[in-house]
Structure formats: C-alpha cells, structure tokens
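Subject: the structure I promised you

Hi,

Here's the structure I said I'd pass along. Open it up next to this email and follow along as you read.

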Amino acid sequence: MALRNIVKEGDPILTKKCRPVTEFNDRLHQLLDDMRQTLLEADGVGLAAPQVGVLRRVVVVLDINRETENVDEQIIELVNPEIIASSGEQYGTEGCLSVPGIYGFVTRPEEVTVRAQDRFGKTFEVTGTGLTARCFCHELDHLEGHLFKELADKLLTAEELDELMAREAEGEA
Ligand code: NI
C-alpha cells in the first residue's frame, strides 16, 4: 500500500467524467488499497479515484455508522457505483479533501441506496443514511467531474464555520 497525492481544485482532472472499470485485476486492488490508506491518512470520510489522479469509477467511503472496532471494516469500496434509490432530504455542511479549508451548505437526500461492484466484480447494494448518504452523493458527483461547491448555496472558511457552530451552540444552550 502507498499513500497517493490528493489532487486539488484547479486541476482539470477533477472536472472530467470517469470511465467504468472493466478489469478487476491487481491494478484495481492496488488502487483501492492505496485509496483506503490515503482516505484514513487524510482523515476524510470519502475519496473518489479522480482525486488521486485516476479517471475511473472507483470510490471509497468511510461508514462511521457501521459498528466495528476495526476502522478498515468501516470502509465501503464502490466500483462502478450508481444511485438506484434516494429519499428524504438533509441540509448541512460539506467539505472535500480536494478543496481544503472551504465548507458549503448542500442539500442532499437523507437516505441513498447505491448499486456497485466490489473489487472482484460482484454486484451488491448498500444503503446509507445521514452522513453516509451525503458522502455517496458527493463521491459519485466526483465521478461525473463535479465538486460540491457547484451545489452549495453558501461557502464558508473553516474559521467562519467554527464561528457559526459556536453561535449555534450558544443559541441552543
Ligand atoms: Ni470531495
């Protein structure tokens, strides 16, 4: 396994549509292993292949709702994913490892079901709610060459977000 460099906003690779995976070989497994490691190292909740410079339909998502002691088991690998059902609505902040220090308010479905293939080509379905549903949408958007900023109705710096959170906490007290 190896850490891969995370591509930042401004790099044209982040605006391109990714191609499907057709070969479930060692090269794909290496990519997935590296993406898992890169995601954990960056302390993120999701990573799409174009973010490490690979224009293929591959995503890893950290499902923090999955109860296990082993963080490795919380990572969902999605190859050629597509959203087959979604319901509800959530409005909240979102960020991206390719857009460091910037957060935006984005409306997403509350629950999302994805059909994908695993690293061996076997098709499966997975349903996520809350943050995981948001993450599925965000990462799949990357595969189409889209960033969350395009959907955000308000963008904040980390400092502005902290201030907002502090104000909201005071309001609730
Ligand atoms: Ni992102």
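Let's start with the metal. The nickel ion has three protein donors listed for it, C96 through SG, H138 through NE2 and H142 through NE2, and these lie 2.1 to 2.3 Å from the ion. Before you zoom in any further, keep in mind that this is a predicted model. Along the chain, the nickel donors follow the spacing C-x41-H-x3-H. C96 belongs to strand 4 while H138 belongs to helix 2, so this pair ties together parts that are 42 residues apart in sequence. Are C96 and H138 buried or exposed? Both are buried.

The two histidines bring us to helix 2, so have a look at that next. An α-helix has 3.6 residues a turn, so residues three or four places apart point the same way. Helix 2 covers residues 131-143, and at 1.5 Å a residue its 13 residues should span 18 Å; the C-alpha atoms at its ends are 19 Å apart, which agrees. How many of the 13 residues of helix 2 are buried? Eleven of them are, so you can call this helix mostly covered, buried meaning under 20% relative accessible area. The buried set includes both histidines, H138 and H142, along with C135, F136 and C137. After helix 2 comes G145, which has a positive phi, near 85°.

P109 is worth a click while you're there. You'll find P109 in the loop between strand 5 and strand 6 (111-117). It has 19% relative accessibility and counts as buried, because the cut-off is under 20%. Not counting neighbours within four places in sequence, P109 is in contact with two residues called A133 and C137, and also with S86, S87, G88, E89 and Q90. A133 and C137 are both among the buried residues of helix 2. For a contrast, try P109 and E170: they are 61 residues apart in sequence, and their C-alpha atoms are 28 Å apart in space.

Now for the rings. The count of aromatic pairs comes to one. It is made of Y91 and F105, whose ring centres are 5.5 Å apart and whose planes sit at 25°, so the pair is stacked. This pair links distant parts of the chain, with Y91 in strand 4 (residues 90-96) and F105 in strand 5 (residues 99-108), 14 residues apart. Which of these two rings belongs to a buried residue, and which to a partly exposed one? F105 is buried, with a relative accessible area of 10%, and Y91 is partly exposed at 45%. F105 has another partner too: the charged end of K154 sits over its ring, 4.8 Å from the centre.

Next, swing round to helix 1 (26-41). Helix 1 has 16 residues and reaches 22 Å from its first C-alpha to its last, close to the 22 Å expected at 1.5 Å a residue. Its buried residues are L28, H29, L31, L32, D34, M35, R36, T38 and L39. What covers them includes strand 1 (46-48), strand 2 and strand 3. Just after helix 1, D43 takes a positive phi of about 60°.

R36 is a nice one to pick out of that list. This arginine is buried, with a relative accessible area of 13%. Which residues is R36 in contact with, leaving aside its neighbours within four places in sequence? They are V60, D72, I75, E77 and R119.

The start of the chain also meets this helix. L3 lies in the segment before helix 1, and at 48% relative accessibility it counts as partly exposed. Apart from neighbours within four places in sequence, L3 is in contact with Q37, T38 and E41. The C-alpha atoms of L3 and M35 are separated by 7.5 Å, although the two residues are 32 residues apart along the chain.

One last stop is Q74. It lies in the loop between strand 2 (58-62) and strand 3 (75-87), and at 12% relative accessibility it counts as buried. A polar atom of the Q74 side chain lies 2.9 Å from the backbone oxygen of R66. Leaving out neighbours within four places in sequence, Q74 has contacts with V61, L62, D63, I64, R66 and T68.

Have fun clicking around, and shout if you get stuck!

Cheers

Conventions
Residues are numbered from 1 along each chain as its sequence is written. This is a predicted model: local features need pLDDT of at least 70, side-chain atom pairs count only at pLDDT 80 or more; totals for chains, interfaces and linings use all residues. Side-chain values use heavy atoms; hydrogens and water are left out. Helices (H or I, at least four residues) and strands (E, at least two) are DSSP runs, numbered from the N terminus. Buried means under 20% relative accessible area, exposed over 50%, partly exposed in between (1.4 Å probe, protein chains only). A polar contact is a pair of N or O atoms within 3.5 Å; within protein, one must be able to donate a hydrogen and the other to accept it, and residues adjacent in sequence count only if both atoms are side-chain atoms. Contact means heavy atoms within 4.5 Å. Rings of Phe, Tyr and Trp (its six-membered ring) pair if their centres lie within 6.5 Å; planes under 30 degrees apart count as stacked, over 60 as edge-to-face and the rest as tilted. A charge sits over a ring if NZ of Lys or CZ of Arg is within 6 Å of the ring centre and within 35 degrees of the ring normal. The expected span of a helix is 1.5 Å times one less than its number of residues. Donors are N, O and S atoms within 2.8 Å of the metal (3.2 Å for Na, K and Ca); water is not among the atoms, so sites may look incomplete.
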